[in-house]
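Visitor: Pick one spot in this model and take me through it slowly, residue by residue. I'd like to start from a single side chain and see where its surroundings lead.

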2 protein chains.
Amino acid sequence: MRRTLQHPARLVPLAFLGAVVIGTLLMMLPAARVEPGGTPFVTALFTATSAVCVTGLAVVDTATYWTGFGQVLLTVLTQIGGFGIMAMATLLALLVSQRLGLRSRLMAQAEDSSLRLGDVKSVLGRIALTMAGFEVVIAVIVGGRFWLGYDYSVGKAAWYGVFHSVQAFNNAGFALFSDSLVGFVGDPWICLPLTIGVIAGGIGFPVLFELFREIGRPSTWSTHTRLTVWGGISLLCFGFVSLLGLEWNNPDTLGPLGVGEKMLAAFFQDAMTRSGGFNTVDVGAFHSESLALSTALMFIGGGSASTAGGIKLTTFFLLAYVILAELRGEPDVVIGKRRIAETTQRQAITVALLGVGLVATGTFALLESTTNVSFEAALFEVTSAFATVGLSTGITPGLPTSGQLILVVLMFIGRVGTIAVGSAIALNTRRRLYRYAEERPIVG
Amino acid sequence: MRRTLQHPARLVPLAFLGAVVIGTLLMMLPAARVEPGGTPFVTALFTATSAVCVTGLAVVDTATYWTGFGQVLLTVLTQIGGFGIMAMATLLALLVSQRLGLRSRLMAQAEDSSLRLGDVKSVLGRIALTMAGFEVVIAVIVGGRFWLGYDYSVGKAAWYGVFHSVQAFNNAGFALFSDSLVGFVGDPWICLPLTIGVIAGGIGFPVLFELFREIGRPSTWSTHTRLTVWGGISLLCFGFVSLLGLEWNNPDTLGPLGVGEKMLAAFFQDAMTRSGGFNTVDVGAFHSESLALSTALMFIGGGSASTAGGIKLTTFFLLAYVILAELRGEPDVVIGKRRIAETTQRQAITVALLGVGLVATGTFALLESTTNVSFEAALFEVTSAFATVGLSTGITPGLPTSGQLILVVLMFIGRVGTIAVGSAIALNTRRRLYRYAEERPIVG
Ligand SMILES: [K+]
Ligand SMILES: [K+]
């Protein structure tokens, strides 16, 4: 155990690659596809990657293309992907916890740079329990609603409850309806539990764990938890108000809805950008402003060591504090009486700028792969893949193979890259043997 | 002198605001406009701001809207703006030179945190001499070409030479032809001198000064000069090859040209993105990929304390080194055996992210101001204004007043903001009285 964990940064991509390969092979089985014959390789690869990386982007209609077996496969792959991400990211955070100050909070033990097998088991068990707890409750409510409100048979209602609950908590976003959840735009019994699942899954285990223990005492929260919780809430409110205002009169989205439905739909769609991926209105019909806003929210993403993607809330808000400190001429970056380590600041800038570079390169490559796609739509779809959101303006199924492969690569790097890079950095930091003379180029 | 320089960060925006106000009033004089009656306020404000901020974006046709008097005004405003930027940015760099290590290089004297009047005069004189030198040589070559190659009268050729030479070295980009320089796409005697003017003006005085003295000894160059020179050259090559490849067959841009002309036009257009603003091909007809690439190059911009805009070459490449160091797990950011100060890294982050935020907000606002503009075109125009480039897909003249005012604000902040913010930061850094306990949130 200790040996494999000595190079955990290499372990994570390999584990995900293995899951994608096995998932692709299984999705290619004739039993997974409704029509006769096996699924083409690229379709299977795209779907398996999208499931394992909990993205939810689809090149085929999930509701009609896959058999029951295929949909169960999708559920399993999503669950494995979501659990894997949460577990690995949490364990890696623990491994570097000597520097993170996380270990003593999570494990109630002394700081130490190794992980005992018992610790690993205990963390994995708690994560599994947390996931199961949320998923069961949400499945019961949503399944119950399908049963009582829509006259589904008990079996079908249960399956639909489980499927969408797993998709929600794991922030994946596949749906068993051809138009995602557009048919339930005004139904709070469907929308709200799934929103709660998406938000809870997107908070991240370290924060969830701290909240379980200390929810009533915000003053004791770690800086990480504060940034995630208060940052997440403010972005949720900002996105909600903005989307509501921008789309209020759009005849193809919120326009035809009543006031209550408008609010529900705007809140749902807002929450889905970080990074649930369901939709109850047609995202492709959004105004340019709403698409741009959603793109920004998707890029920011959710909590660290969560099933959400993006550069993460902590990264975004930490950088905001860096800028504030810089504009005020303060030598230290201070958040709530805690000084943020300079190495952490450098990590945040690295994650954010690599994200910008990746999205820019991906958009460029996608535009090169086809002539049918606008810049705006390409940027949206690429950001959705990178941040493993799964929202779509509708262009993905029509992309050429090369374009779909670009999205596959983006989903994989977007999901695995930030964890791997982040932990590689934290674990491999070299000691400073000598220092060169300092120099200060003019910037700006 | 010392007194006004104690708050130089406040002086810069005020000086520019004053120049814009006076310029606007003068442009509104009936004598400046060909048609009877004075120029409308917004048109005069936009043009004066564009000239003083050396942007070159235009809401009216420079060639036919303005009288000779108006065009002379434009030249004077451009010259004042360009000189003002170079001078103020250089003086501010000197003021903070105790930290920059620039003073001993420029002034051959001991480091000191005040500026003597003699020093100021000497720096201003050298900048004026440098500008005049470049502008006269370029005006002679370009004017001579207009005279000998296009049968202009001596007087007209001289005026056209002076006008475009001033526009080139000051990186402004107004032209006395309705289609900018499209008529000269294959003429190296026009294109190359203007390109050299744009590049020289965009290098920045501190680097120009160092190059004058040490051009044969690159090993003695400061980190700032290295980043600017090598970074600038690599971006020039990258942009040239990319634009050439992307537009080679575009029937509306490079397609109809011969091989030599294609290369000249691609090089010219590449150099103009940082941030000359002339064009010899129709930028509005660029493929999406070329627009995206140009947008990125415009955002990066040219050298610090130069007539070019953008976040600057040093900012961009310094951040690239920060990421590299982070990925390699190195505790210090080292460029050529010099350690980059952590405060400088934080400045670079601040400049870059404020730039991203400003462009994003500006694009959003421009999309809100009108329904006729695509996201891609709005992003391009906003970046062009922020980075004071002046390239246009052609949407600016047709924008509503609110949209044009958004661009006015972006030009002003883009030009003045980076200098003011940069120096305010460098001058106002507070002393550290106590430090809070360190904390390291998880990022990514
Ligand atoms: K998702
Ligand atoms: K310009």
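Guide: Let's start with Asp187(A): leaving out residues up to four places away in sequence, it touches Arg145(A), Tyr150(A) and Leu264(A). Bear in mind that this is a predicted model. Asp187(A) lies in the loop between α8 (154-169) and α9 (188-201) of chain A. Is this loop residue buried or exposed? Its relative accessibility is 4%, so Asp187(A) counts as buried.

One of those contacts, Tyr150(A), takes us to some aromatic company. Ring pairs join Tyr150(A) with Phe146(A), Tyr152(A), Tyr160(A), Phe177(A) and Phe184(A) in a cluster. Within that cluster, Phe146(A) is worth a stop: beyond its neighbours within four places in sequence, its contacts include Tyr152(A), Tyr160(A), Phe177(A) and Phe184(A). Phe146(A) also has non-aromatic contacts, among them Asp151(A), Ala157(A), Gly161(A), His164(A) and Ile190(A). Zoom out a little and Phe146(A) turns up again in the largest nonpolar core, a set of 220 residues. Phe146(A), Leu194(A), Phe146(B) and Leu194(B) are the ones with the most contacts inside that core. As general background, nonpolar side chains tend to be buried together in soluble globular proteins.

Since Phe146(B) is on that list, hop over to chain B. Over all chains, the structure holds 35 aromatic pairs. In one of them, the ring centres of Phe146(B) and Tyr160(B) are 5.8 Å apart with the planes at 80°, so this pair is edge-to-face. Phe146(B) belongs to helix α7 (residues 117-150) of chain B and Tyr160(B) to helix α8 (residues 154-169), with their positions 14 residues apart in sequence. Phe146(B) and Tyr160(B) are both buried. Another edge-to-face pair is Tyr150(B) with Phe184(B), at 5.1 Å centre to centre and 80° between the planes. Those two are 34 residues apart: Tyr150(B) is in helix α7 of chain B, while Phe184(B) is in the loop between α8 and α9 (188-201) of that chain. How do they compare on accessibility? Phe184(B) is at 6%, so it counts as buried, whereas Tyr150(B) is partly exposed at 29%.

Rings here also meet charges. In chain B, the charged end of Lys156(B) sits over the ring of Tyr152(B), 4.4 Å from its centre. In chain A, the charged end of Lys262(A) is over the ring of Trp248(A), 4.8 Å from the ring centre.

While we're in chain B, let's swing by an ion. The potassium ion (ligand 2) is coordinated at 2.4 to 3.0 Å by the O atoms of Val54(B), Thr55(B), Asn171(B), Ala172(B), Ser275(B), Thr388(B) and Val389(B). Along the chain, these donors are spaced as V-T-x115-N-A-x102-S-x112-T-V. Two of them, Thr55(B) and Val389(B), are 334 residues apart, in the loop between α2 (41-52) and α3 (62-65) and the loop between α16 (375-386) and α17 (401-428) of chain B, respectively. Thr55(B) has 0% relative accessibility, so it counts as buried, and Val389(B) is also buried at 0%.

Last stop: Thr78(B), in helix α4 (residues 68-95) of chain B. Beyond four places in sequence, Thr78(B) contacts Ala51(B), Val54(B), Val166(B), Gln167(B), Asn170(B) and Ala172(B). Val54(B) and Ala172(B) are familiar names from the potassium donors. Thr78(B) itself is buried, with a relative accessible area of 0%, and its C-alpha is 5.2 Å from that of Val52(B), 26 residues away in sequence.

Terms used: Residues are numbered from 1 along each chain as its sequence is written. Chains are lettered from A and ligands numbered from 1 in the order in which they are written. This is a predicted model: local features need pLDDT of at least 70, side-chain atom pairs count only at pLDDT 80 or more; totals for chains, interfaces and linings use all residues. Side-chain values use heavy atoms; hydrogens and water are left out. A nonpolar core is a set of buried Ala, Val, Leu, Ile, Met, Phe, Trp, Tyr and Cys residues joined through side-chain atoms within 4.5 Å. Buried means under 20% relative accessible area, exposed over 50%, partly exposed in between (1.4 Å probe, protein chains only). Contact means heavy atoms within 4.5 Å. Donors are N, O and S atoms within 2.8 Å of the metal (3.2 Å for Na, K and Ca); water is not among the atoms, so sites may look incomplete. Helices (H or I, at least four residues) and strands (E, at least two) are DSSP runs, numbered from the N terminus. Rings of Phe, Tyr and Trp (its six-membered ring) pair if their centres lie within 6.5 Å; planes under 30 degrees apart count as stacked, over 60 as edge-to-face and the rest as tilted. A charge sits over a ring if NZ of Lys or CZ of Arg is within 6 Å of the ring centre and within 35 degrees of the ring normal.
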